[in-house]
Amino acid sequence: MWDPELAELEHRKDLAERMGGEERVARQHATGRLTIRERLAALTDSWREIGALAGRATYSASGELEDFTPSNVIIGRAEIDGRRVVVAGDDFTVRGGAADAAIHEKQILAERMAGEMRVPLVRLIDGTGGGGSVKQLEDFGRTYVPHNPGWDQVVANLGRIPVIALALGPVAGLGAARLVTSHVSIMVKELSQVFVAGPAVVEAGMGESVSKEELGGWRPVSAAGAVDLVAGSEQEAFALTRRVLSYLPQSAWRRPPVAACADDPGRTAPELRDLVPRDRRKPYDMRAILDVVFDEGSVTELGRRHARSTVTALARLAGHPVAVLASDPVVYGGGMTAQGADKTARFVDLAETFQLPVVHLVDQPGFVIGSAAERAGTIRHGARALAAVYQSTVPWASVLVRRVFGVAGAAHRPHSRYGLRVAWPSGDWGSLPIEGGLEVAFKRMLAEAGPEAEAMKAEIAERLEAVRSPFRTAESFLVEDIVDPAETRPILTDWVRDAYEVLEPGPRPTTRP
């Protein structure tokens, strides 16, 4: 009875599958990029499209369909590694992914559907993303006051579902904003660029001549912290998407997924006993500690090229996803910079939103100091990081690997509630390190000592060194336990089971200075 209409339905779907047509698909392939439909096939295990019939049609005088250009935003429900997700992807072959061809209600629906159905959202972004070309102003016969349709849903989703965003080509303006308004953002080396405005607009507006890679390539963008992960190919970007999702729950109302673990929870690591040098000025490899302590192969570092003295990573303990904070003593001695403070606050918020217990491997000499640090407003950024730590409600475990100094050191855990805290024998802490603090505390005495000042300084340092031992602190129960570094993994795997028992999923409001 309805055969003609069903035939037309299939015909329209076939037209939508053509995307922007053979020529533009070939142009997309010539740049080394997959089409949106190839990306969906590579990323998802199953796919059900929504709104395939949306687009612009032309009709004959008799009302017959002559041609059809689909919307350049493709949305639908999918499965990735057996988990239900929503995917929204830009089709660069239609108007370069510009929002003027998108029928923005599709993007809004994808955001609302993912948020209200409480499933993760993956955005595949490839396009200019904004209002298109100024040429269209003649067609419209007017301009318009900018607004971002559905941005309330974009923002709301940050507090209710995991949002992973991938830059898979040149991404500018609104597209760039959609990329960074996510929990984890990914770009592809040499294939994608991210900027507020592209080189032509920059040259016209600022008189600066730069290439796409110089302006928004993976090196400057990842160093600035605008993206969290950099992939070598689109396929690697899809693999990273699956990997990141594996640590996160379906929504803020659920607990993170516990995976099977072949790595012995009770495994000890004798090599950790010799990892931290006795010379406090010598650095060591913090990431080597992460690799040994957490489940084998489970560590995924986020933002490695940004704020490099601060380390943030997702990992597992006995199959349980956790959020890992650490410092890299190779960079600024591990000191906290303004950017590192922002990186810390954002990461703690991620852990809080999705109920990831935090493991903090602490070697914090304090805020980075000096005129450049003051011009960067380090203390204001640092205070926000401290607020994020103290506002967190998830279980917290702190391993004091070496230094814990000053206000930045005080951010090693939320002190107002219980958290597991153990120290290695290499622990060293206080308001200021003896090196540097001695000159300040005894400045007048040393000045009056004249030629004997150096000998006096050495004598004072020797006296202070005697009380510097972490065992003196443990005697007063100012640190709960000093442990054999080799036992760190068994201690943490024992703790994480209890930590998961007390998790209380649910969206959390965040207000801080």
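## Exercises on a predicted protein chain

Of the 513 residues in the protein chain, 50% are buried (under 20% relative accessible area; exposed is over 50%, partly exposed in between, with a 1.4 Å probe and protein chains only). This is a predicted model, in which local features need pLDDT of at least 70 and side-chain atom pairs count only at pLDDT 80 or more, while totals for chains, interfaces and linings use all residues. Residues are numbered from 1 along each chain as its sequence is written, and side-chain values use heavy atoms, with hydrogens and water left out.

### Exercise 1: the whole chain

Describe the secondary structure, the box and the contacts of the protein chain.

Solution. Start with the secondary structure: the protein chain has 21 helices and 17 strands. Helices (H or I, at least four residues) and strands (E, at least two) are DSSP runs, numbered from the N terminus. Next comes the box: along the principal axes, the C-alpha atoms fill roughly 105 × 55 × 40 Å. Finally, take the contacts (heavy atoms within 4.5 Å). Among those in the protein chain with a separation of 6 or more, 72% are between residues 24 or more positions apart.

### Exercise 2: the nonpolar cores

Find the residues that touch the most other members of the largest nonpolar core, and the helix that gives the most to this core.

Solution. A nonpolar core is a set of buried Ala, Val, Leu, Ile, Met, Phe, Trp, Tyr and Cys residues joined through side-chain atoms within 4.5 Å. The largest one has 45 residues, and Val122, Leu124, Leu166, Ile186 and Leu314 touch the most other members. Helix H11 (residues 234-247) gives the most to this core, with six residues. A second, separate core has 33 residues, including Val322, Val483, Val496 and Leu503.

Now zoom in on Val122. Not counting residues up to four places away in sequence, the residues Val122 touches include Leu43, Ile80, Val86, Ile164, Leu166 and Leu245.

### Exercise 3: two arginines

Work out where Arg402 and Arg287 lie, and which side chains they join in polar contacts.

Solution. Begin with Arg402, which is found in strand E15 (residues 396-405). Arg402 counts as buried because its relative accessible area is 2%. Its side chain makes a polar contact of 3.3 Å with that of Asp363. Here a polar contact is a pair of N or O atoms within 3.5 Å; within protein, one must be able to donate a hydrogen and the other to accept it, and residues adjacent in sequence count only if both atoms are side-chain atoms.

Move on to Arg287 in helix H12 (residues 286-293). With a relative accessible area of 14%, Arg287 is buried. A polar contact of 2.7 Å joins its side chain to that of Glu301. Leaving out residues up to four places away in sequence, Arg287 touches Glu301, Arg304, Val311 and Asp328.

### Exercise 4: positive phi in two loops

Decide whether Gln355 and Phe477 are buried or exposed.

Solution. Look first at Gln355, in the loop between helix H13 (338-353) and strand E14 (358-364). Its phi is near 55°, a positive value in a residue other than glycine. Gln355 counts as buried because its relative accessibility is 2%.

Then turn to Phe477, in the loop between helix H20 (470-475) and helix H21 (488-501). Phe477 has a positive phi of about 55° although it is not a glycine. Phe477 counts as exposed because its relative accessibility is 58%.
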